[in-house]
Amino acid sequence: MATPKALQQPFSLRFASASFLAFWCLIAAFPIFWIAVMSFKSPVDAFSANPLDVIFGPTTRAGGDGLSILDIAIGLAVLIAAVRLAFTRLPKWVDRLSPQGMTVIGWLVGAGAYAIGFLVVFFGILPAVLGVLNSVAGPLGAPVLGLTAEHYYSVWIENGFWRNFQNSLIVTAGVVTISLTVGTLAGYGLARSGSNLAFWILIIALIFRALPHSVLVAGYLPVFINSAEILRPILGDNAPTLYGQPLAVIAVLVAINQPFTIWMLRSFFQNIPNELDEAARVDGCTHFQAFRWVIMPVMWPGVITTGLFSFLLAYNDLLVTSLLLDAQNQTMVPAIAGYFNRETTTTDQVEAVAAAVSITAPLFLLVMIFQRQIVSGLTAGAVKG
């Protein structure tokens, strides 16, 4: 259907809008692209003043590490196929195989299985196959682009970055689980309540959200340091000291994030008609059963969207984790910051870049897999009625 002439934008406006959007995308994507390229180069190439040396890596290639034309072609084909599979087939598989009422769990299991399968294929099977093909491909199998994964090996295996990744998973899982559990119940109750008390609870939550993070850390710090003495009457000699442990960070980040989740989920619940609750009550459901079996299935896009924001808060936090965690329990962001000091070498800096690329990859995977729910949730939260 053609757009009415009165609503058509002039060519100059469309060109200016497209140009601005393309420029913004270029500016936003360039740092990610550049650090990704640097992470696969030797320090000499990574910090070269010539951008072409950073891209093509002559020193890296001279050291025997590189990709051939055949590697690049097949690797790109596999990546494109993996992206198309994630956007087209994976949602259908999850919707078909997930038990009724457990779509979110199905998405988590499907996303995890897909990620593991991709890693096994791309970094395990594909290099072995390409090694055989390159040996018989002649000129097509000769390295033309310098590339090495030694920095990733150093970061994840030699430096034990996998422990930081494990700690990040513990912290983010705890924050997201607690925030969403409390947020959905509180948001539903506040959305369905018309009392003045609900209004003042939301205002107080907003005030707590506006507090600097350092204030909450300072307030909780004495409790965490003296937690062994506080808990000894209950747990005896097994009472733990929470300072330096992931539980301390989870508690503070939940306190920081909970007002946001309550406000956001309340706005989603307000967009769900009260008639759904009333119809469920007429059919014999209790308030909680109506919430669990009628309201929550409609709310999943909003829950996933809110959960993603909660995940990003915990995953990217630097201040709280660096202040409350000891060296053995550090998450990924403070661990990367530890690479930079006055004694840092160029090799350490490239390893830090490789670590930064590593922590970016899960975010892309989450957004790519849950993009439909995120868009649906943001749209639902932005439209009233």
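Leu133 counts as partly exposed, because its relative accessibility is 33%. In this predicted model, Leu133 lies in helix 6, which runs over residues 103–136. Leu133 also belongs to a nonpolar patch on the surface. The other members of the patch are Ile116, Val120, Val121, Ile125 and Val129. Together the residues of the patch present about 480 Å² of accessible area. At 33%, Leu133 passes the accessibility criterion for such a patch, because that criterion is over 30%.

The overall architecture was examined next. The secondary structure of the chain comes to 18 helices and two strands. The chain is divided into domain 1, residues 66–146, and domain 2, residues 155–384. The centres of the two domains, taken over C-alpha atoms, are separated by 30 Å. Along the principal axes, the C-alpha atoms of the chain fill a box of roughly 75 × 70 × 45 Å. The chain has 385 residues, and 36% of them count as buried. Its accessible surface comes to about 22100 Å². Carbon and sulfur atoms account for 71% of that surface. Among contacts with a separation of 6 or more, 76% join residues 24 or more positions apart.

Helix 8 spans residues 161–192 and contains Thr184. Thr184 counts as buried, because its relative accessibility is 8%, under the 20% limit. The side chain of Thr184 reaches the backbone oxygen of Thr181 at 3.1 Å. Beyond four places in sequence, Thr184 touches five residues: Leu265, Phe269, Phe291, Met296 and Val303.

Arg192 lies in helix 8 as well. A search of the whole structure finds one salt bridge. In this salt bridge the side chains of Arg192 and Asp277 meet, with an N to O distance of 3.0 Å. Asp277 lies in helix 13, residues 274–282, so the pair ties together parts that are 85 residues apart in sequence. The two partners fall into separate accessibility classes. Arg192 is partly exposed, because its relative accessibility is 27%. Asp277 is buried, because its relative accessible area is 10%.

Helix 14 comprises residues 287–315 and includes Ser310. Ser310 counts as buried, because its relative accessibility is 0%. Its contacts beyond four places in sequence are with Val175, Val176, Ser179, Asn257 and Thr261.

Leu319 belongs to helix 15, residues 319–324. Leu319 counts as partly exposed, because its relative accessibility is 36%. Outside its neighbours up to four places away in sequence, Leu319 touches His213 and Ser214. Leu319 and His213 are 106 residues apart in sequence. In space, their C-alpha atoms are 7.7 Å apart.

Methods
Residues are numbered from 1 along each chain as its sequence is written. This is a predicted model: local features need pLDDT of at least 70, side-chain atom pairs count only at pLDDT 80 or more; totals for chains, interfaces and linings use all residues. Side-chain values use heavy atoms; hydrogens and water are left out. Patches are made of residues with over 30% relative accessible area and no salt bridge: like charges are joined within 9 Å, nonpolar side chains (Val, Leu, Ile, Met, Phe, Trp, Tyr) within 5 Å. Accessible areas come from the Shrake-Rupley method with a 1.4 Å probe; for residues, only the protein chains shown count as cover. A salt bridge is a side-chain nitrogen of Lys or Arg within 4 Å of a carboxyl oxygen of Asp or Glu. Helices (H or I, at least four residues) and strands (E, at least two) are DSSP runs, numbered from the N terminus. Buried means under 20% relative accessible area, exposed over 50%, partly exposed in between (1.4 Å probe, protein chains only). A polar contact is a pair of N or O atoms within 3.5 Å; within protein, one must be able to donate a hydrogen and the other to accept it, and residues adjacent in sequence count only if both atoms are side-chain atoms. Contact means heavy atoms within 4.5 Å. Domain bounds come from an automatic or database domain assignment.
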